[in-house]
Amino acid sequence: MNNALPRRSRNEERRIRRFSVEESVSSEVPSVSRVVALFVAVQFFIAAPALAQTTGAPAPGYKRESGIPASTRPAPLREVGFDQNLDQRVPLETPLVDESGRTVRLGDYFGRRPVVLLFAYYECPMLCTQVINGLASALGVLSLAPGKDFEIVTISFDPRDTPATATAKKAAYMQRYQRAGAETAWHFLTFAPGDAASIERLTDAAGFRYVWDQQTQQFAHPSGVIVLTPDGRLARYLFGIEYSPRDLRFGIVEASAGKVGSPVDALLLYCFHYNPMTGRYGLVIMRAIRVAGAATVLALGGFIFIMLRRERTRHPAPHLAPTTRHEAPDR
């Protein structure tokens, strides 16, 4: 009996060689799905450092880098943050003490113009000073006038602060923010000794969450400023220790309901929109395109009108000579 294998036909041999070639190629060249998966993985690792950076946006608690569990954060920092209570009123009846030691109400600084509100304690070794420095720098660039277009109210949430510490802090910043009207428009206030209830009521209404760190003997608190309407409603939150003069101006103009600013501000506010997640104003592309299109049409129309008018001035239309009508004689 012949044990030899039957000979393959030419077609079978070609098919086997083709499969072997495809198999070797597929083992060396990654598939499309593998390439896509690799690309996504690379993009993820590239983007990971960027996602880990804080954006200054409000968060339920202290913002941390991604990947760090909440249990590893210091306990005092777990409850620190801003809650954006937009369009909510702060208690204007809250009793306070001004730099001269006179008892005042928070509402004494409202009613006429927007208010830029800042929570900071005057013996803070670092962060509060940076926040006030950032606000003073942004205010120094604004063309809006303090006392005429807006008020500035700095309130210490530290019950140990006194009118004396408020006066010292104000004197330091009046040397830095030397604008006409700043002396009477920027107020540094404290609470009456032992009035913890008023401190808690006002900070809760404003969404300002802070805690006392017993270990460092300091307050842990968020950084940012708040813009309020003349009737005491929370309008805008700006986060961080440096504030864009453009964003601060937009916030004041919006809080004034158009009573502060110029027509240019109104046009810019049509193109820029406040983002509560970042505490900044961003460009609205479609609105900007509409404004640019309208401006282009108006510019072209004005150009055509001017050119036609010049053309008519240079080449006036010729006057037709009077004609005499002769009637045919009767025959």
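Strands β4 and β10 pair in the antiparallel sense over three bridges; two strands pair if DSSP finds at least two bridges between them. The exercises below start from this pairing. The model is predicted, so local features need pLDDT of at least 70 and side-chain atom pairs pLDDT 80 or more, while totals for chains, interfaces and linings use all residues. Residues are numbered from 1 along each chain as its sequence is written, and side-chain values use heavy atoms, without hydrogens and water.

**Exercise 1. Find the order of the strands in the open sheet formed by five strands, and name its edges.**

Step 1. Strands (E, at least two residues) and helices (H or I, at least four) are DSSP runs, numbered from the N terminus.

Step 2. The order is β6-β5-β4-β10-β11, with mixed pairing.

Step 3. The edge strands, β6 (186–189) and β11 (234–239), each pair on one side only.

Step 4. Strand β4 (residues 115–119) runs parallel to β5 (residues 151–155), and five bridges join them. L117 has V153 as its bridge partner in β5.

Step 5. On the β10 side, V115 is partnered by L228. Strands β10 and β11 run antiparallel, with five bridges, and G224 stands opposite F239 in β11.

Step 6. The hairpin of β10 and β11 has five residues between the strands, and G232 in the turn has a positive phi of about 90°.

**Exercise 2. Decide whether strand β10 is enclosed or open to the surroundings.**

Step 1. Buried means under 20% relative accessible area, exposed over 50%, and partly exposed in between (1.4 Å probe, protein chains only).

Step 2. In a regular strand the side chains alternate between the two faces of the sheet.

Step 3. From β10, G224, I226 and L228 point one way, V225 and V227 the other way, and all are buried.

Step 4. Because five of the five residues of β10 (residues 224–228) are buried, this strand is largely enclosed by the rest of the structure.

**Exercise 3. Explain why C124 and C128 are not bonded through their sulfurs.**

Step 1. A disulfide is a pair of cysteine sulfur atoms within 2.5 Å.

Step 2. The closest cysteine sulfur to that of C124 is in C128, at 3.4 Å, which is too far for a bond.

Step 3. The count for the structure is therefore zero disulfides.

Step 4. As for their surroundings, C124 is buried at 10% relative accessible area, and C128 is buried at 1%.

**Exercise 4. Locate the salt bridges of D87 and E99, and say which parts of the chain they link.**

Step 1. A salt bridge is a side-chain nitrogen of Lys or Arg within 4 Å of a carboxyl oxygen of Asp or Glu. The structure holds eleven of them.

Step 2. D87 pairs with R233, with the closest N and O atoms 2.6 Å apart. This pair links distant parts of the chain, 146 residues apart: D87 is in the loop between β1 (81–82) and β2 (95–97), and R233 in the loop between β10 and β11.

Step 3. Both are partly exposed: D87 has 49% relative accessibility and R233 has 25%.

Step 4. E99 and K170 meet at 3.2 Å, N to O. E99 lies in the loop between β2 and β3 (103–105) and K170 in helix α4 (residues 163–176), so the pair ties together parts 71 residues apart in sequence.

Step 5. Here E99 is buried at 16%, and K170 is buried at 10%.
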